[in-house]
Amino acid sequence: MPAPEPQLTDGVSVIMPILDEERHLAESVTAILRQELPCPVEVILALGPSSDGTDDVAARLRAADDRVKLVTNPTGRTPDALNAAIAAASYDVIARVDGHGILSAGYLATAMRVLDETGAANVGGIMDAEGTTDFERAVAVAMKSKIGVGGVKFKLGGQPGPAETVYLGVFRRSWLRRVGGYDTRFTRAQDWEMNFRIRAAGGIVWFTPELKVTYRPRGSFRTLARQYKQYGQWRRVVARQHKGSINARYLAPPTALAAIAAGTVGGFLWRPLWLIPAGYAGAVTVGGAMISAGSTPSVRCRMPAVLATMHMTWGYGFLTSRIRLSGDAPRALEDRLSDD
């Protein structure tokens, strides 16, 4: 097939859903503004009702650089923030970045090149987890391993090519208009869900390891457990909404949790069943030791509990998800206008 014709780009709008990001926001925005590009760039912060000093940090960033724009997101929900930022965007390339994500040098320029080379609707790369505390470092090790997250390319790396989904994403604005933007019914998994709709509409979602974003993991067992429980809950919603979108990798955590629970309870009636939870404990202990080789003892001793928290809370969220969507799915902007 002939290579896609390069498309002229008038600029890049970086959209950021922001809620309680005081700790990393300035670092994240600075990494964007330092990107070297042959076109203009703007950063749109969609500010939710934060409980820390995020709004003050955002105001200082806006005062220091007029490329930073602020929009309000009263609900604090991520898809609402993303759609509000898209509506305020000026340019035809839209890049999503989170308030705790740090773009690597050349990220945006590389993304623009790959968009042109592939003709993709969305391109993305590696979610490079990097902790600043021992607990965060343990989570980062888990997130970069198959025992922690299965075979996810955007966390583990791999060869460039079409993918089910990518981390964050850099989009042609025309494709966001075509699929109607983010589905505001999805509190979590809105990236995966929209990429499913892009692919269903004939668009290409392209992974490349050339793109890398430093990701700051959750800083405690409580916040990690809440995060992965929500991941499981909303992945179940995606599976209900889009038939055929589930695979064995997503079923592994709920299957493991059910087996461990059955083995633990059943062991009181037939002791050999206790081998199931014991075997899992042994697996995360040995596996954690293998993937954390070279880390400090403080990181290594946390690995079994970190892995178990990720697996079990994801599985619990998936099994107990009772979320039902209400309202209509997004439609292309042109379709909505034709109804008016």
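Is His242 buried or exposed? The first view gives the answer, taken like the others from a predicted model.

**View 1. His242 and its surroundings.** His242 sits in the loop between helix H10 (221-241) and H11. The residue is buried, with a relative accessible area of 11%. That value counts as buried because the cut-off is under 20%. The side chain of His242 makes a polar contact of 2.9 Å with that of Glu193. Beyond four places in sequence, His242 is in contact with Glu193, Phe196 and Arg197. Glu193 therefore appears both as a polar partner and in the contact list of His242, a contact being heavy atoms within 4.5 Å.

**View 2. Helix H12 and its buried face.** Helix H12 covers residues 275-291. At 1.5 Å a residue, its 17 residues should span 24 Å, and the end C-alpha atoms are 24 Å apart, which agrees. Pro277, Tyr280, Val284, Gly287 and Gly288 are the buried residues to find in H12. Seen down the helix axis, the buried residues fall within an arc of 100°, so they line one face of H12. Leu275 and Met290 are exposed on the other side. The cover over the buried residues of H12 includes helix H6 (146-149), helix H11 (248-266) and helix H14 (303-320).

**View 3. Val284, a buried residue of H12.** Val284 belongs to helix H12. Its relative accessibility is 5%, which counts as buried. What does Val284 touch, not counting residues up to four places away in sequence? The residues are Pro304, Leu307 and His311. Pro74 lies elsewhere: Val284 and Pro74 are 41 Å apart in space, C-alpha to C-alpha, and 210 residues apart in sequence.

**View 4. The Arg137 and Asp134 salt bridge in helix H5.** Arg137 pairs with Asp134 in a salt bridge, with 3.1 Å between the closest N and O atoms. Both residues lie in helix H5 (residues 134-143). They are 3 residues apart, about one turn of the helix. Arg137 is partly exposed at 36% relative accessibility. Asp134 is partly exposed too, at 25%. Elsewhere, salt bridges with shared partners join Glu27, Glu130 and Arg216 into one network.

**View 5. Two further salt bridges.** The structure holds 15 salt bridges. Side chains of opposite charge can pair when their charged atoms come close. Which residues form the pairs shown here? One pair is Asp80 and Arg77, whose side chains meet at 3.3 Å, N to O. Arg77 is partly exposed, with a relative accessible area of 23%. The other pair is Asp98 and Arg96, whose side chains meet at 2.9 Å, N to O. Asp98 and Arg96 are both buried.

**View 6. Confidence and residues 336-340.** The protein averages a pLDDT of 89. At least 70 is the score of 92% of the residues. Over residues 336-340, pLDDT stays under 50. For that stretch the model has 3 contacts beyond four places in sequence. Where pLDDT is low, the predicted coordinates should not be read in detail.

How values were computed: Residues are numbered from 1 along each chain as its sequence is written. This is a predicted model: local features need pLDDT of at least 70, side-chain atom pairs count only at pLDDT 80 or more; totals for chains, interfaces and linings use all residues. Side-chain values use heavy atoms; hydrogens and water are left out. Helices (H or I, at least four residues) and strands (E, at least two) are DSSP runs, numbered from the N terminus. The expected span of a helix is 1.5 Å times one less than its number of residues. Buried means under 20% relative accessible area, exposed over 50%, partly exposed in between (1.4 Å probe, protein chains only). The arc is that of the directions from the helix axis to the C-beta atoms. A salt bridge is a side-chain nitrogen of Lys or Arg within 4 Å of a carboxyl oxygen of Asp or Glu. A polar contact is a pair of N or O atoms within 3.5 Å; within protein, one must be able to donate a hydrogen and the other to accept it, and residues adjacent in sequence count only if both atoms are side-chain atoms. pLDDT is the predictor's confidence in each residue, from 0 to 100.
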